[in-house]
Amino acid sequence: MRFKDKQVVIWGGNSGIGLASAIEFRKEGGRVLIIGRNPDTLKAALQKIGPDALGICADISDLAGLDRVYEQIKRDLGRIDVLFVNSGIGGAIPMRQMTVAKWDEMMNVNLRGPFFAVQKALPLLRRGSSIVLTSSIGHFRGLPDNTHYAAAKAGIRSLARTIGVELVGEGIRVNCLSPGPIDTPLLGRSGMEALREPVREINPMKRWGDPVEAARAVLFLASDDASFITGFDLVVDGGMCSF
Ligand SMILES: NC(=O)c1ccc[n+]([C@@H]2O[C@H](COP(=O)([O-])OP(=O)(O)OC[C@H]3O[C@@H](n4cnc5c(N)ncnc54)[C@H](OP(=O)(O)O)[C@@H]3O)[C@@H](O)[C@H]2O)c1
């Protein structure tokens, strides 16, 4: 029960890694509030998490909407002990076919949105609070057709260091998670289902990770078990980037 009496806010908590984390936080006593765009999956996710879970429908790339989200969180929770900024989109585009619109969409959802989702949450954080950001192994592996995604996720990894150092004196830890292949709806949503088998084959463990395996790493980083860890990047990839 590492999160007993803790208020946990999860951006992108209605699917995949975020939803698995929400369920685990709840199991360990956390009061969970999830945020996502899709009202149907948000509702279904709340039912899976438990009766006291809360949900807000919002788009992380809509900066004006972020103020509305945190006003509601202030009313509903009063403070945030764990902020997990996990929202993200995928998508493979060869560099030569990249458009400004596609580039901007990726940056707005996967980098600009997460930065301001942290900045605007600060008034609700306090000494002992913890922030976890979701990056990707794409931030240090050169994968084809991945320029915009990898650049955004490298930015996220950097934010864990730079926001981390700005907040260390306030007693707030900031870390990031870099998942490798985790079996979530992301692959299908990004039109990359064809990668499933080749990625499984090159992974040393010969499989995709389960979302709960990523969630356990998130809970570790967010918990007091990681009390002397900040600015760190925890890779959960079945050994893909190590061997
Ligand atoms: N699965 C992997 O193999 C893998 C590997 C490396 C990194 N990651 C990262 O892990 C994170 C979670 O991904 P996942 O695999 O769990 O995928 P997922 O199941 O597709 O979940 C993505 C989550 O992000 C939310 N989201 C997307 N765009 C949003 C927006 N504009 N505003 C608010 N929420 C938004 C989604 O909510 P809606 O459905 O409501 O839009 C959903 O809850 C992402 O940051 C992803 O880049 C995943």
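## A walk through the chain

Let us start in a loop: Lys206 sits between helix 7 (196-202) and helix 8. The model you are looking at is predicted, so every value here is computed from its atoms. Lys206 is not a glycine, yet its phi is positive, at about 55 degrees. Is this residue buried or exposed? With 9 C-beta neighbours inside 10 Å, Lys206 counts as exposed, because the cut-off for that class is 12 or fewer.

Another residue invites the same kind of look. Asp145 belongs to the loop between strand 5 (130-134) and helix 5. Its phi is near 60 degrees, again a positive value in a residue other than glycine. Around Asp145 there are 15 C-beta neighbours inside 10 Å, so this residue counts as partly exposed.

Now step back to the whole chain. Its secondary structure comes to eight helices and seven strands. Along the principal axes, the C-alpha trace spans about 45 × 40 × 35 Å. How does the radius of gyration fit a compact globule? For 243 residues such a globule would have a value near 18 Å, and the chain has 17 Å, which agrees. Of those 243 residues, 42% count as buried. The contacts also reach far along the sequence: among those between residues at least 6 apart, 72% join residues at least 24 apart.

Val85 gives a local view of such a setting. Its place is in strand 4 (residues 82-85). Val85 has 27 C-beta neighbours inside 10 Å and therefore counts as buried, since 20 or more are enough for that class. Which residues does Val85 touch, leaving aside its neighbours within four places in sequence? They are Trp11, Pro114, Ala117, Val118, Leu133 and Thr134. Val132 is 47 residues away from Val85 along the chain, but their C-alpha atoms are separated by 6.3 Å.

Two of the residues that Val85 contacts, Pro114 and Val118, also take part in a helix pairing. Here helix 4 (residues 100-119) meets helix 5 (residues 147-167), with axes that come within 9 Å and cross at roughly 15 degrees. The two helices are therefore roughly parallel to each other, as angles under 35 degrees fall in that class. The crossing is right-handed. On the helix 4 side, the residues that meet helix 5 are Lys102, Trp103, Met106, Met107, Asn110, Leu111, Pro114, Phe115 and Val118. Helix 5 answers with His148, Tyr149, Ala152, Lys153, Gly155, Ile156, Leu159 and Ile163. Sorted by class, this contact has twelve nonpolar, three polar and two charged residues.

To finish, return to helix 8, the helix that follows the loop of Lys206. Helix 8 (residues 211-222) packs with helix 1 (residues 16-27) at an angle of about 60 degrees, and their axes are 8 Å apart. Helix 1 and helix 8 are therefore oblique to each other. Their crossing is right-handed. From helix 1, the contact draws on Gly16, Ile17, Ala20, Ser21, Glu24 and Phe25. From helix 8 come Pro211, Val212, Ala214, Ala215, Arg216, Val218 and Leu219. By class, the contact has nine nonpolar, two polar and two charged residues.

Key. Residues are numbered from 1 along each chain as its sequence is written. This is a predicted model: local features need pLDDT of at least 70, side-chain atom pairs count only at pLDDT 80 or more; totals for chains, interfaces and linings use all residues. Axes are lines fitted to C-alpha atoms, for helices over the stretch in contact, and angles run from 0 to 180 degrees between N-to-C directions. Helices (H or I, at least four residues) and strands (E, at least two) are DSSP runs, numbered from the N terminus. Angles under 35 degrees count as roughly parallel, over 145 as roughly antiparallel, 65 to 115 as roughly perpendicular and the rest as oblique. A crossing is left-handed if the near helix is turned anticlockwise from the far one by less than a right angle, and right-handed if clockwise. Two residues are in contact if their C-beta atoms, placed from the backbone, lie within 7 Å. Ala, Val, Leu, Ile, Met, Phe, Trp, Tyr, Cys and Pro count as nonpolar, Asp, Glu, Lys and Arg as charged, and the others, Gly among them, as polar. The radius of gyration is taken over C-alpha atoms; the globule rule is 2.2 Å times the number of residues to the power 0.38.
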